[in-house]
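Trainee: I'm new to this one, so please pick a single part and take me through it slowly. I'd like to see how that part fits in with whatever lies around it.

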Amino acid sequence: MNRLPVADRPTVRRAAWALMTYEKRAVALILALHIAAALAAIAAPALVGQIVNEVNAGATADSVDRLALLIGVCVVIQVILGRYAQYFGHRFGERSIARLREEFVSRTLALPISVVERAGTGDLATRSSVDVANVGNTVRDVVPVVIIASTQLILLFGAVFVLHPLLGLVALTGLPSIMLVSRWYLRRATPAYLLEGAASAELTDELTATAEGARTVEALRLSGHRVERGTDRIGRQWQTRRATLALRSVFFPVVETSYAVPVAAILLAGGFFYSRGMVTLGAVVAAALYLQQAIEPLDRLLQWMEQAQRGIASFSRVLGVGLVPPEPRGAESAPSGQHLTVRGARFAYGGGPDVLHGIDLDVRPGERLALVGPSGAGKSTLARLLAGIDAPHAGSVRIGGLPVTDLEPAERRRRIALVTQEHHVFIGSLRDNLAFAAPGASDEQMRAALAAVGADWAADLPEGLDTEVGDGGRQLPAADAQQLALARLVLADPHTLILDEATAALDPTTARRTERALGAVLAGRTVIAIAHRLNTAHDADRVAVLEGGRITELGSHDELVRIGGAYAALWHSWHGPAPA
Ligand SMILES: Nc1ncnc2c1ncn2[C@@H]1O[C@H](COP(=O)(O)OP(=O)(O)OP(=O)(O)O)[C@@H](O)[C@H]1O
């Protein structure tokens, strides 16, 4: 399975910067409020220092009261400014998260289908849930904390330097060990968290596959095997979690010990400086209070660094979705005509061996071509190439002279549609479900499309096109859902239809109803049908027999039966030998 890419550090840095500077004014206001709140906070220890000095010099109770009142005022100002800073910070965070989610959704919707299929649902599901939430939490909670804490720390340490440069130097004693261990941690944390994210995605993949295939697991008694695989993935996730835990168990004890060092050092050195008359007692008290006050923001900063690491790892996975080369954004010129030509097309899945070995095929406009062949011959793969979902690694698949994969995706869908047995009903109204195919279609056109495929049930709905369908709404039976999908096709009006097992999974009655509906859709179009029942091949203009990734026979039903090859053998075994 090809995982989706992960963005590198410079890309993450640029994207984070863009996110933060998208609303420059809001960020400037939040920063200004935080700085003002931090300034109000550092006034208190300075005032306590002043009280100590004045009491030392024999001050009156009045002047002490005045200073104490001033401390109270500073605290109130700090609380008010801090509250507004947080209020604006959180609003900014929520707006940023909303933007991020919207960007992620558009990036995901722009992914080529083949990339989504090969990446597996687990990877994309983990990125769109766990990773987007992680980035959201980081932007909402961590960024404001980092801004507030850094501002407070700069001001608190600055204040100690202002009290006395010597005290300032002593205050820095705890920092080297914190910086060293942080550097050590940061270098290892992002890759470790990336591994943890990948292991979670693998586990999600495995559990989803087991849950989705529960019936098969039960029928084939595979539960032991699935439990083993699940346990293996849980084991891998446990290992990656242990690795990140090991990093945390070194990082946090070292930094927490380092917090106590500057306070102890300032009391020791401050006492010494005071005894020599180099600093006042008030300055030493104020410096000790500042350093005591610095522990809290420092601790918060380091605590959140861990979340920030998770956030950065998640952000690189979220941004990685945008690194997948987009589907080609339109050829220079429009295809001239509807002629489909395949020349020497070779295809392999994900770097594996070729499953198509040089296919040559011409499909004339309006022709009905049936593809037959044993299981695994490459019929579905050829259908995907013809529909432009995958491109051949050698040779070409062209429509009207242009490579199908070069057509702008919407343009391609208007020209060629691949119809499979998947007929998803999206949550929304019937109208929403039809509008995917033709956003500009009127209600009349929608009703006509439903009538064309025999979806009479739609006309009887009391709320008509406004009826909510899909999960939580009206549940459509398989045949109705298939008819809805076919009505979409009528609206999209492609000139070429490729049918891959469109009715294979339906019960015979439903299949017959659907085939009747399909008949209305096929009229006047080029049709390439993977034929499971040979009467489809019998009714086609031509039949292509695919064996081992090669077209081994090509001609009308009668011609192929006459030459007595593989198709004739299939036909006779299915239909009984021709009368002598
Ligand atoms: N997603 C995939 N990844 C890797 N190999 C694949 C994938 N899909 C198909 N193949 C392989 O490509 C070959 C052709 O498969 P394909 O599904 O095109 O055959 P088919 O003729 O349509 O068979 P069937 O009638 O059983 O659907 C097979 O060997 C199959 O195992």
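Mentor: Let's start with how elements get their names: helices (H or I, at least four residues) and strands (E, at least two) are DSSP runs, numbered from the N terminus. Residue numbers start at 1 in each chain and follow its sequence as written. Keep in mind that this is a predicted model, where local features need pLDDT of at least 70 and side-chain atom pairs count only at pLDDT 80 or more, while totals for chains, interfaces and linings use all residues.

I'd pick helix α11, residues 379-386, since three residues of the ligand's shell come from it, the largest share. The full ring around the ligand is Tyr349, Gly352, Val355, Gly373, Ser375, Gly376, Ala377, Gly378, Lys379, Ser380 and Thr381. Being in that ring takes a C-beta atom, placed from the backbone, within 6 Å of the molecule.

Now, is α11 buried or exposed? Seven of its eight residues are buried, so the helix is largely enclosed by the rest of the structure. (Buried means 20 or more other C-beta atoms within 10 Å of a residue's own, exposed means 12 or fewer, and partly exposed is in between, with C-beta atoms placed from the backbone.) The buried ones are Lys379, Thr381, Leu382, Ala383, Arg384, Leu385 and Leu386, and two of these, Lys379 and Thr381, are also in the ring around the ligand. Over the whole protein, 35% of the 580 residues are buried. Just past the end of α11, Gly388 has a positive phi of about 80°.

What does α11 lie across? Five strands: β3, β6, β9 (496-499), β10 (526-530) and β11, with the helix running at about 155° to β10. (Such angles run from 0 to 180 degrees between N-to-C directions, with axes fitted to C-alpha atoms, for helices over the stretch in contact; contact means C-beta atoms, placed from the backbone, within 7 Å.) Helix α20 (residues 566-575) packs on the sheet too, touching β3, β11 and β12, and its direction makes about 100° with that of β11.

So let's look at the sheet under α11. Six strands form an open sheet in the order β6-β9-β10-β3-β11-β12, and the pairing is mixed. At the edges sit β6 (416-419) and β12 (550-555), each pairing on one side only. On average, neighbouring strands here are turned by 15° against each other, ignoring direction. (Two strands pair if DSSP finds at least two bridges between them.)

Follow two of those pairings. Strand β3 (residues 368-372) runs parallel to β11 (residues 542-547), joined by four bridges, and one partnership to find on screen is Ala370 with Val543 in β11. Over at the β6 edge, β6 and β9 also pair in the parallel sense over four bridges, with Val419 of β6 opposite Leu499 in β9.

Side chains in a regular strand alternate between the two faces of the sheet. You can see that in β6: Ile416 and Leu418 point one way, Ala417 and Val419 the other, and all of them are buried.

One more stop beside the sheet. The loop between α16 (478-492) and β9 holds Asp493, whose phi is near 55°, a positive value in a residue other than glycine. Most residues other than glycine have a negative phi. Asp493 counts as partly exposed because it has 14 C-beta neighbours inside 10 Å. Elsewhere in the chain, Arg221 also has a positive phi, about 50°, without being a glycine. Arg221 is in the loop between α8 (214-219) and α9 (223-275), and with 8 C-beta neighbours inside 10 Å it counts as exposed.

Step back for the setting. The protein has 20 helices and twelve strands. Among contacts with a separation of 6 or more, 79% are between residues 24 or more positions apart. For an example of residues distant in sequence coming together, go to Leu156 in helix α5 (residues 121-163): its C-alpha atom is 6.6 Å from that of Ala294, although the two are 138 residues apart along the chain. Setting aside residues up to four places away in sequence, Leu156 touches Ile42, Tyr290, Gln293 and Ala294. Leu156 counts as buried, with 25 C-beta neighbours inside 10 Å.

Conventions
Two residues are in contact if their C-beta atoms, placed from the backbone, lie within 7 Å.
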